[in-house]
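Student: I'd like to practise reading strands, sheets and buried residues. Could you walk me through an example?

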Amino acid sequence: SLSANATDFSVISTTAVTTSSPNITLTISTNAGSGYTITVRDAGNTTNPGLYNTDAAYLLGSADNSYNNNADLSAVAGYGIQCSSASATCTAPYNVSGNNVGGYELTAQTFATFGSAADTHTITVTSKATAAGTSPAGSYADTGTVIATGNF
């Protein structure tokens, strides 16, 4: 289950890392003997991953404007996510904290795993972004997809 179906940045800063609200918590239980795998992907502008401003035809790239797998958003403009969990193993590049993020891709990427049956494990997805001073004003959006698969 998901704690929310949407998260909002409100205003993305050019001078500080902005965290969307609320964080999204995934809760997973499975009787699969080999546990579960959680994958993530996004829509971006359908050509590249990121937050897209349709009016300006401008993409704020994930994790940065060069689409690197990870970024320190205190140093570059970009957008990405972090994984945290007390039970699951968060995978690179999402197993970061602070101003660091892992980038979305257009194809499913492994976000977190666990190797045996699980009861009410929680995994938190935190979204962060920073805009460049040259980023066009306006509304930015992205559609992220999270898939939990039991490993039987």
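Tutor: Let's go through one sheet and then a few residues. Keep in mind that this is a predicted model.

Student: Where do I start with the sheet, and what is the strand order?

Tutor: Strands of a sheet pair through backbone hydrogen bonds, either parallel or antiparallel. Here the order is E8-E10-E3-E12, an open sheet of 4 strands with antiparallel pairing. E8 and E12 (144–150) stand at the edges with a single partner strand each, so one side of each has no neighbour in the sheet.

Student: How many bridges join E3 and E10?

Tutor: E3 and E10 (residues 109–114) are paired over 5 bridges, in the antiparallel sense. Take Tyr36 as a landmark: its bridge partner in E10 is Phe114.

Student: And how many bridges join E8 to E10?

Tutor: There are 2 bridges between E8 (residues 89–90) and E10, again antiparallel. You can trace the register residue by residue: Thr89 is opposite Thr113, and Cys90 has Ala112 as its bridge partner.

Student: Let's move into E3. Is Val40 buried or exposed?

Tutor: In a regular strand the side chains alternate between the two faces of the sheet. As for Val40, which lies in E3, its relative accessibility is 2%, so it counts as buried. Its contacts beyond the sequence neighbourhood include Ile81, Tyr94, Tyr104, Phe111 and Val146.

Student: How far apart are Val40 and Phe111 in sequence and in space?

Tutor: They are 71 residues apart in sequence, yet their C-alpha atoms are 6.2 Å apart in space.

Student: Asp42 is in E3 too. What is the nearest side chain of opposite charge?

Tutor: That's Arg41, 7.8 Å away. The cut-off for a salt bridge is 4 Å, and Asp42 has no salt bridge although it is buried.

Student: Which backbone nitrogen does the Asp42 side chain reach, then?

Tutor: The one of Gly50, at 3.0 Å. Among the residues Asp42 touches farther along the sequence are Pro49, Tyr79, Glu105, Asp142 and Thr143. Tyr104 is on that list, and Tyr104 is also a contact of Val40.

Student: One more, in another strand. Which residues is Ser127 in contact with?

Tutor: Ser127 sits in E11 (residues 118–130). Leaving aside neighbours within four places in sequence, Ser127 is in contact with Thr7, Phe9, Thr18, Thr19, Ser20, Gly80 and Ile81. At 7% relative accessibility it counts as buried. Ile81 turns up among the contacts of Val40 as well.

Conventions. Residues numbered from 1 in each chain as written. Predicted model: local features only at pLDDT ≥ 70, side-chain atom pairs only at ≥ 80, totals over all residues. Heavy atoms only, no water. Buried < 20%, exposed > 50% of the residue type's maximum accessible area, 1.4 Å probe, protein only. Lys, Arg positive; Asp, Glu negative; His and termini not counted. Polar contact = N/O pair within 3.5 Å; in protein donor to acceptor, adjacent residues only side chain to side chain. Contact = heavy atoms within 4.5 Å. Pairing = 2+ DSSP bridges.
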